[in-house]
Amino acid sequence: MNVSVRLGEIAHNILSRWPIPPQRPKPTAHFSYLTMCDRAHWLMLRESLFSLYSSWTLLPEITVVSDGSWTANEFAEVFAWWPALITVLTRQQICDAAAAADLPELADYARESIWGLELATVTTQAKQRALLYADADILWFRDPALLLGDPVSWDKPRALRESNCHQRREMALRHCPEVLEPPFVNAGMVTLHGQLMPSEILRSMVQEASLHPLDSSCQQTIIAAAVKLGGELFPEKLSLVEFDDVFRFRSRNMKTEGYCSRHYVHWMRHVLYRDALRLRFHLFPWPYSKGGRNE
């Protein structure tokens, strides 16, 4: 393995043995922070939420969607360190919400695809309240409040920019060719309070995406189309989505570069654990002598 990957494995192992003590409450932000995760990536989600707690002045209400691999009771035990209630939604609840919104195609897509579940989560929950959806593979390094703006203004979809065009080309050409032109859209973080996109376009794109349930580019193409047709991109410094240091000994420093967060897409996960470990060392001594393992 490359040295960066080996260091990531070491960091993962250390973090898995390093529990987070209960944290003190903070004032509440007036929006919901929505994410989703499978059981295998709870450690990643834990470090993501801890980085949020450490860097944000106001804490949003946290909602986590289960893909079906874990229950609310299991989750509550591992994430008991969070200083407020974490709401858990099941896959079935999201599917029911999509069906109730007269989007049966989206409900079917969510049942068959993890990417469909993510899309249905954003689409249905944003109709109820202002939300920031963020993938579990995001770490926070500074408070994003100024860049996010007032949740009252989140009536149009906003998403991240990236240099890579991860879109399903034939779907894009049929529905929104603009997504194939830079700046490209990354669906790992979205703010919205209202409708993602017109229902007829959403239904058509979802029907096509359902034919490829394992292809993440379908869901990303739908989010990108929503942003290009009626939304906008986040300010550049809200989050970094780049891959140039994936195999470097030293990863990029988000604090010195002025980024609020970083999205570590799937081939960057070893860098996430390295950076998460660095954040932990800045905040806590390592209580390894006390023993215990926390997933």
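## Overall fold

Helices and strands here are DSSP runs, at least four residues for a helix (H or I) and at least two for a strand (E). By that count, the protein chain of this predicted model has 12 helices and 9 strands. Its radius of gyration is 19 Å, close to the 19 Å that the globule rule gives for 295 residues, so the chain is as compact as a globular protein of that length. The C-alpha trace spans about 60 × 40 × 35 Å along its principal axes.

Let's look at how the chain packs. Buried residues account for 54% of the 295. Among contacts with a separation of 6 or more, 78% join residues 24 or more positions apart. The accessible surface is about 13,200 Å², and carbon and sulfur atoms contribute 55% of that.

## Aromatic pairs

There are 15 aromatic pairs to explore in the structure. One of them joins Y53 and W82: the ring centres are 6.0 Å apart and the planes meet at 75°, so this pair is edge-to-face. Y53 belongs to helix α2 (residues 42-55), while W82 lies in the loop between α3 (72-78) and β3 (86-89), which places the partners 29 residues apart and links distant parts of the chain. Both Y53 and W82 are buried.

F75 and F79 offer a stacked pair, with 4.1 Å from centre to centre and 10° between the planes. These two residues, F75 and F79, are buried as well. Elsewhere, ring pairs tie F31, Y33, W56, W140 and W154 into a cluster.

## Charges over rings

Two further spots are worth a visit. The charged end of K237 sits over the Y259 ring, 4.2 Å from its centre. R280 lies over the face of F50, and its distance from the ring centre is 5.5 Å.

Methods. Residues numbered from 1 in each chain as written. Predicted model: local features only at pLDDT ≥ 70, side-chain atom pairs only at ≥ 80, totals over all residues. Heavy atoms only, no water. Phe/Tyr/Trp six-rings, centres within 6.5 Å; stacked < 30°, edge-to-face > 60°. Buried < 20%, exposed > 50% of the residue type's maximum accessible area, 1.4 Å probe, protein only. Lys NZ or Arg CZ within 6 Å of the ring centre and 35° of its normal. Rg over C-alpha atoms; globule rule 2.2 N^0.38 Å. Contact = heavy atoms within 4.5 Å. Areas by Shrake-Rupley, 256 points an atom, 1.4 Å probe, with all protein chains shown as cover.
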